[in-house]
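Hi everyone, thanks for making time. I'd like to walk you through a structure that's probably new to most of you, so let's put it up on the screen.

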Amino acid sequence: MVSFVEPRVAEVVDEEQRPVGPGEVRLRTLYTGISAGTELTAYRGTNPYLNRYWDSESRLFRNGNTSLSFPVNGWGYEEVGVVVETGDGTDGVAVGDISYGTWGHRTHTVQPADKVRRKLLPAGADPRLGIFSQIGAIGLNLVLDADIHIGETVVIFGAGVPGQIAAQLARLNGGRVIIVDKIADRRARALELGAEIALDPEVGPVAERVRELTDGRGADVCLEVSGHYAALHEAIRTVAYNARVCVAGFMQGEGAGLRLGEEFHHNRVSLICSQISGVAPSLQGRWDFDRLSRTAIELGVSGRLRLTELITHTWAFDRAGEAFRLLDEHPEQALQVILEVDDAKEH
């Protein structure tokens, strides 16, 4: 299991495995993906759960105690594994089946068979697709929240993994996609995967360039996936009058750089939060997390969503500490990093 023993220190530690009970199965992890967004906030110690207490009843963060403290064990939400043991009453799941889900960076997990059955990969599918079930759902939820229409110009701030996925989905939804990122390799990857234009925000203000590309109108919708307040402010500047900015980036700390009395106020910009714990009110009753996740995987298996091309590094599980340092200190060198579990070197 991977443990964040203190800020910016990740170690692989031993974890006792519990027996498999009735209606349960044990999976051996094949691959586990590292989220370079939310997960790094826990690794760095900036996540609000490590600094304040989340009161789930009132849905408020409160001062005083904290929801989490170091060491933070088994964080992670992009896993895929093979069934290696089944308990009684597990019809429909067999040893050798490949299932995806969320069980953290650990070599084994015991899960309810019903849950595993709902998340089986088709025979012959690349098992690495399974690590995109959560981040794919996040990207899909963002595009659904943004309510993109055919022919609309969609500007996406942030070409990390969720931005790359959202860009492909926005294009499938009929949008003209413009990607914005400081890292040249990420801009190039987005163009390879179907984005029409890629802009470097350090070359000049994005809002002015997008207006040049849209007859002075501005973007119909902007998606903020970078988690940076400066990018959010530029996204607000970039959209057209009465348009919308949909935010999935996990902002940290205070919102320095936001000048809400400027374009936000004068252009009547709608600011929408996209967060994976829920869906847009108009979609409730038809969409939930399981459908989002299943749809993302189905699109990946069919090839309509190109996911494995986002993987830049595959490292042995016992090199988790190096992997986290790479993403933290040199994000320009990596996109999706996954850890591969070698059953001869399990912890």
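Okay, let's start with one phenylalanine, F4, whose bridge partner in β6 is V72. Before I go on, please keep in mind that this is a predicted model.

So, β1 and β6 run antiparallel, and two bridges join them. They belong to an open sheet of three strands, in the order β2-β1-β6, with antiparallel pairing. At the edges you have β2, residues 9-12, and β6, residues 72-73; each has a single partner strand, so one side of each is left without a neighbour in the sheet. As general background, strands of a sheet pair through backbone hydrogen bonds, either parallel or antiparallel.

While we're around β6, have a look at the loop between β5, residues 60-62, and β6, because that's where P71 is found. The peptide bond joining F70 and P71 is cis, with omega at about 5°. In general, most peptide bonds are trans.

Now back to F4, this time for its ring. Searching the whole structure turns up five aromatic pairs. In one of them, F4 meets F324 edge-to-face, at 5.1 Å centre to centre and with 80° between the planes. That pair links distant parts of the chain: F4 is in strand β1, residues 2-6, F324 is in helix α10, residues 320-329, and they are 320 residues apart. Are these two buried or exposed? Both F4 and F324 are buried.

F324 has another ring partner, Y43. Here the centres are 5.2 Å apart and the planes are at 25°, so this pair is stacked. Again distant parts of the chain are linked, with Y43 in helix α1, residues 38-44, and F324 in α10, 281 residues apart. Y43 and F324 are both buried. Put the three together, and F4, Y43 and F324 form one aromatic cluster.

There are also two arginines sitting over tryptophan rings. R291 lies over the face of W287, at 3.8 Å from the ring centre. R319 does so with W315, at 4.3 Å from the ring centre.

Let's move to the inside. How many residues does the largest nonpolar core have? It has 49, and those with the most contacts inside it are F132, I156, I165 and L223. Quite a list of elements supplies at least two residues each: β3 (24-34), β7 (79-86), α3 (133-146), β10 (153-157), α4 (161-172), β11 (176-180), β13 (219-224) and α9 (289-302). The largest share, seven residues, comes from α3. The general idea is that in soluble globular proteins, nonpolar side chains tend to be buried together.

If you want one residue to click on, try F132. Leaving aside its neighbours within four places in sequence, F132 is in contact with A137, V161, I165, I297, L307, T308, L310, I311 and Q336. Apart from the big core lies another one, of 22 residues, and F157, Y229, A231 and V245 are among them.

Next, β13, one of the strands that feed the largest core. How covered is it, you may ask? Six of its six residues are buried. On one hand, β13 pairs with β10 in the parallel sense over four bridges, and there F157 stands opposite E224 in β13. On the other, β13 pairs with strand β14, residues 239-247, also in the parallel sense, over five bridges. L223, which we met among the core residues with the most contacts, has C246 in β14 as its bridge partner. And β13, helix α7 (residues 229-238) and β14 make a right-handed β-α-β unit.

Last stop: two aspartates with a backbone twist. In general, most residues other than glycine have a negative phi. D147, though, has a phi near 55°, a positive value. You'll find D147 in the loop between α3 and β10, and at 43% relative accessibility it counts as partly exposed. D215 also has a positive phi, of about 55°, although it is not a glycine. D215 is in the loop between α6, residues 206-213, and β13, and it is exposed, with a relative accessible area of 81%.

That's my tour. Happy to spin the model around if anyone wants another look.

Key: Residues are numbered from 1 along each chain as its sequence is written. This is a predicted model: local features need pLDDT of at least 70, side-chain atom pairs count only at pLDDT 80 or more; totals for chains, interfaces and linings use all residues. Side-chain values use heavy atoms; hydrogens and water are left out. A nonpolar core is a set of buried Ala, Val, Leu, Ile, Met, Phe, Trp, Tyr and Cys residues joined through side-chain atoms within 4.5 Å. Buried means under 20% relative accessible area, exposed over 50%, partly exposed in between (1.4 Å probe, protein chains only). Contact means heavy atoms within 4.5 Å. Two strands pair if DSSP finds at least two bridges between them. A crossover is right-handed if, with the strands pointing away from the viewer, the path from the first strand over the helix to the second runs clockwise. Rings of Phe, Tyr and Trp (its six-membered ring) pair if their centres lie within 6.5 Å; planes under 30 degrees apart count as stacked, over 60 as edge-to-face and the rest as tilted. A charge sits over a ring if NZ of Lys or CZ of Arg is within 6 Å of the ring centre and within 35 degrees of the ring normal.
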